[in-house]
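Please walk through this structure with attention to its charged pairs, one of its pockets and its surface. The paragraphs that follow take these topics in turn.

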Amino acid sequence: HICYAILIGFVSFFPIAFTIIRNRVSRKLSDREIHFLKVGFMLFLGWIANLFPYAMVARTTYSYHYLPGQFFGMIMVCLLLDFVPYLFLSNRYKGDQLERLAKKLSTLLIIIAMGFTFWGYFRYSIFAYGFGVSKSQYDLLKWAV
């Protein structure tokens, strides 16, 4: 589940970033938007710098090879959860009201994301810890690929 969130985070970062960059012609970028762009592109470079060498390796790579890249991805997801509410609300609200509403919406999104994370952990922890399950329960938990 974490890998899907990271992939969605990086895929959604670029349209948002390029829209912000395109709009810089018509208006001055805020400090928060500049910070979002700088940090986002640095996280993307860190993620690619970690994954690129393993893509060139012909031998088997294991999941621990990708853990440093996952840290960059998780920070990217957090950056998006913090910035996207601000981006959507900034068209309608300004000043302290914008900051207050963006913080509330970010908090709500983080609580929802944490709920999905805990749900996934408890649902699939039987595989990590080797708890016994019946064949029917196992079939329900298998991923269809």
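In this predicted model, E33 forms a salt bridge with R27, and the closest N and O atoms of the two side chains are 2.9 Å apart. The two partners do not fall in one accessibility class: E33 counts as buried because its relative accessible area is 4%, under the 20% cut-off, whereas R27, with a relative accessible area of 37%, is partly exposed.

R32 takes part in a salt bridge with D82, where the N to O distance is 3.6 Å. Because R32 belongs to helix α2 (residues 31-55) and D82 to helix α3, this pair ties together parts of the chain that are 50 residues apart in sequence. Both ends of the pair are partly exposed, R32 having a relative accessible area of 22% and D82 a relative accessibility of 39%. The contact between R32 and D82 also belongs to a wider arrangement, since E99 is linked with these two residues in a network of salt bridges.

How many salt bridges does the structure hold? There are four salt bridges in the structure, and one of them joins D139 to K135, with the closest N and O atoms 3.1 Å apart. Here the partners are local in sequence: D139 and K135 lie four residues apart in helix α5 (residues 135-141), so about one helical turn separates them. D139 is partly exposed at 35% relative accessibility, while K135 counts as exposed because its relative accessibility of 58% is over the 50% cut-off.

R27 and E33 come up again when the empty space of the model is considered. Rolling a probe the size of a water molecule over the atoms shows where such space is left. The second largest pocket holds about 310 Å³ of space. Sixteen residues line the second largest pocket, and those closest to its centre are R27, E33, L87, S90 and N91, so the two partners of the 2.9 Å salt bridge are both among these residues. Which elements give two or more residues to the lining of this pocket? They are α1 (2-22), α3 (67-89) and α4. By class, the lining of the second largest pocket is made up of six nonpolar, six polar and four charged residues.

From the pocket, attention can turn to the outer surface and to helix α4. A nonpolar surface patch of about 780 Å² is formed by I110, M114, F118, Y121, F122, Y129 and F131. One of these residues, F118, lies in helix α4, which covers residues 95-129, and F118 is partly exposed, with a relative accessibility of 47%.

Two further residues of helix α4 allow a comparison of accessibility and of distance. I126 is placed in helix α4 and counts as buried, because its relative accessibility of 15% is under the 20% cut-off. Although I126 and L141 are 15 residues apart along the chain, their C-alpha atoms are separated by 9.7 Å. R123 is likewise found in helix α4, but at 31% relative accessibility R123 counts as partly exposed. Between R123 and L79 the sequence separation is 44 residues, and the distance in space from C-alpha to C-alpha is 27 Å.

Conventions: Residues numbered from 1 in each chain as written. Predicted model: local features only at pLDDT ≥ 70, side-chain atom pairs only at ≥ 80, totals over all residues. Heavy atoms only, no water. Patch = residues over 30% accessible without salt bridge, like charges linked within 9 Å, V, L, I, M, F, W, Y side chains within 5 Å. Areas by Shrake-Rupley, 256 points an atom, 1.4 Å probe, with all protein chains shown as cover. Buried < 20%, exposed > 50% of the residue type's maximum accessible area, 1.4 Å probe, protein only. 1 Å grid on protein atoms, 1.4 Å probe; cavity = no way out; pocket = protein on both sides within 12 Å on 5 of 7 lines; lining within 4 Å. Points joined across faces, edges and corners; volume = space filled by probe spheres on them. Nonpolar A, V, L, I, M, F, W, Y, C, P; charged D, E, K, R; others polar.
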